[in-house]
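Here is a quick walk through one protein model, feature by feature. Have the structure open and follow along.

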Amino acid sequence: MKFPRKYQSHEFRYGLQEANRTPPWAHRQPEERTPQQNKYSVLLPTYNKCENLLLIVWLLVKSFSKSGINYEIIIMDDGSPDGTRDVAEQLKKIYGSDKILLRPWKKKLGLGTAYIHGIKHATGNYIIIMDADLLHRPKFIPEFIRKQKEDNFDIVSGTRYKGNGGVYGWDFKRKLISHGANFITQILLRPGAYDLTGSFRLYRKEVLQKLIEKCVSKGFVFQMEMIIQARQLNYTIGKVPITFVGHVYGASKLGGNEIVSFLKGLLTLFATT
């Protein structure tokens, strides 16, 4: 696909270069497929992601097609005024309505609500959740799948803070906040997993449904509570190191209000779990 001129900025080229970098595990021999092939449904909540959506879908399709993975991408747009829905409609025409599903949802009722909405339309037996901000690189998804098969994990979570994982494109303050949040969480909650504030994960469909039913948090705390609830329900969690590159387009949603909300939610989880 040839990208429009507006997408040829330095930041775009850097992000695309990083996205296309071949990870070491890509050279492994592919596993034999089972007769009943698994299907992976990607849930992409969007709001004003017009500039990101074209690229993230292209990268997802490229990764899935290269690995021979059966997939669908469910775009859950929250009434974006920037034309995100129009881009999604065009992507349906390019890749097919069986691969790209546009399922709009209601006015910003939280990630949990978005995922519930997406699961209703998902036909896969595994669910992949990720941001549409180009923060999460689709090149890691085959490794998530390999890791899940390795020990039959219920959940596989990408981690920036173990192994070869890392963060690029963040200033010192942003890195300090992220590391600090995960450190405090480890001390207070002892979740048995790293990078609780991350949101790049693979779930068994029925596991994700069960966790969403139990979670009550919103915002940044929601992803953290998902792992805490998974631990309490004795679900198994695999970890895959990922590289995390700062926003190619758009800006971080993290501000003072979100930090206060995170701390309140953390203390609530500490008191109730």
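## A charged pair along α3

Let's start with Lys92, which counts as partly exposed because its relative accessibility is 25%. Glu89 falls in the same class as well, partly exposed at a relative accessible area of 31%. The two side chains form a salt bridge, with 3.8 Å from N to O. Both residues belong to helix α3 (residues 84-95), where a spacing of 3 residues puts them about one turn of the helix apart.

Keep in mind that this is a predicted model, so a look at the confidence comes next.

## How far to trust it

The mean pLDDT of the protein chain is 79, and 68% of the residues reach at least 70. Confidence bottoms out in helix α1 (residues 10-20), with a mean of 49, and peaks in β4 at 98. Residues 24-33 have a pLDDT below 50, and this stretch makes 11 contacts in the model beyond near neighbours in sequence.

## The overall picture

What does the secondary structure of the protein chain come to? There are 9 helices and 9 strands. The chain has 273 residues, and 51% of them count as buried.

Sequence separation is worth a glance too. Take the contacts in the protein chain between residues at least 6 apart in sequence: 81% of them join residues at least 24 apart.

## Salt bridges: one between loops, several in a helix

How many salt bridges does a search of the whole structure find? The search turns up 7. One of them joins Asp133 to Lys49, with the closest N and O atoms 2.2 Å apart. Asp133 sits in the loop between β4 (126-129) and α5 (141-151), while Lys49 sits in the loop between β1 (39-46) and α2 (50-67), so this pair ties together parts that are 84 residues apart in sequence. Are these two residues buried or exposed? Both Asp133 and Lys49 are buried.

Now over to α5. Glu143 and Arg146 also pair up through their side chains, at 2.7 Å from N to O. They are 3 residues apart in helix α5, which means about one helical turn lies between them. Their surroundings differ in class: Glu143 is buried, with a relative accessible area of 8%, whereas Arg146 is partly exposed at 22% relative accessibility. The pair also belongs to a network of salt bridges that links Glu143, Arg146, Lys147 and Glu150.

## Where α4 meets α7

Next, a helix pair. Helix α4 (residues 111-121) packs against helix α7 (residues 205-214) at an angle of about 145°, and their axes are 10 Å apart. The crossing is left-handed.

Which residues make the contact? From α4 come Gly112, Tyr115, Ile116 and Ile119, and from α7 come Lys205, Leu208, Gln209 and Ile212. Sorted by class, the contact of α4 with α7 has 5 nonpolar, 2 polar and 1 charged residues.

## Two asparagines with positive phi

A bit of backbone now. Most residues other than glycine have a negative phi. Asn48 has a positive phi of about 55° although it is not a glycine. This residue lies in the loop between β1 and α2, and counts as partly exposed at 35% relative accessibility.

Asn152 also has a positive phi, again about 55°, and is not a glycine either. You'll find Asn152 in the loop between α5 and β5 (155-159). Which residues does Asn152 contact, leaving aside its neighbours within four places in sequence? They are Arg204 and Thr236. Asn152 and Thr236 are 84 residues apart in sequence, and their C-alpha atoms are 8.3 Å apart in space.

## An exposed phenylalanine

Last stop: Phe183, in helix α6 (residues 172-189). Is Phe183 buried or exposed? With a relative accessible area of 56%, Phe183 is exposed. Leu196 is 13 residues away from Phe183 along the chain, and 9.8 Å separates their C-alpha atoms.

Definitions and conventions:
Residues numbered from 1 in each chain as written. Predicted model: local features only at pLDDT ≥ 70, side-chain atom pairs only at ≥ 80, totals over all residues. Heavy atoms only, no water. Salt bridge = Lys/Arg side-chain N within 4 Å of Asp/Glu carboxyl O. Helix = DSSP H or I, 4+ residues; strand = E, 2+ residues; numbered from the N terminus. Buried < 20%, exposed > 50% of the residue type's maximum accessible area, 1.4 Å probe, protein only. Axes fitted to C-alpha atoms, helices over the stretch in contact; angles between N-to-C directions. Left-handed = near helix turned anticlockwise from the far one by under 90°. Contact = heavy atoms within 4.5 Å. Nonpolar A, V, L, I, M, F, W, Y, C, P; charged D, E, K, R; others polar. pLDDT = per-residue confidence, 0-100.
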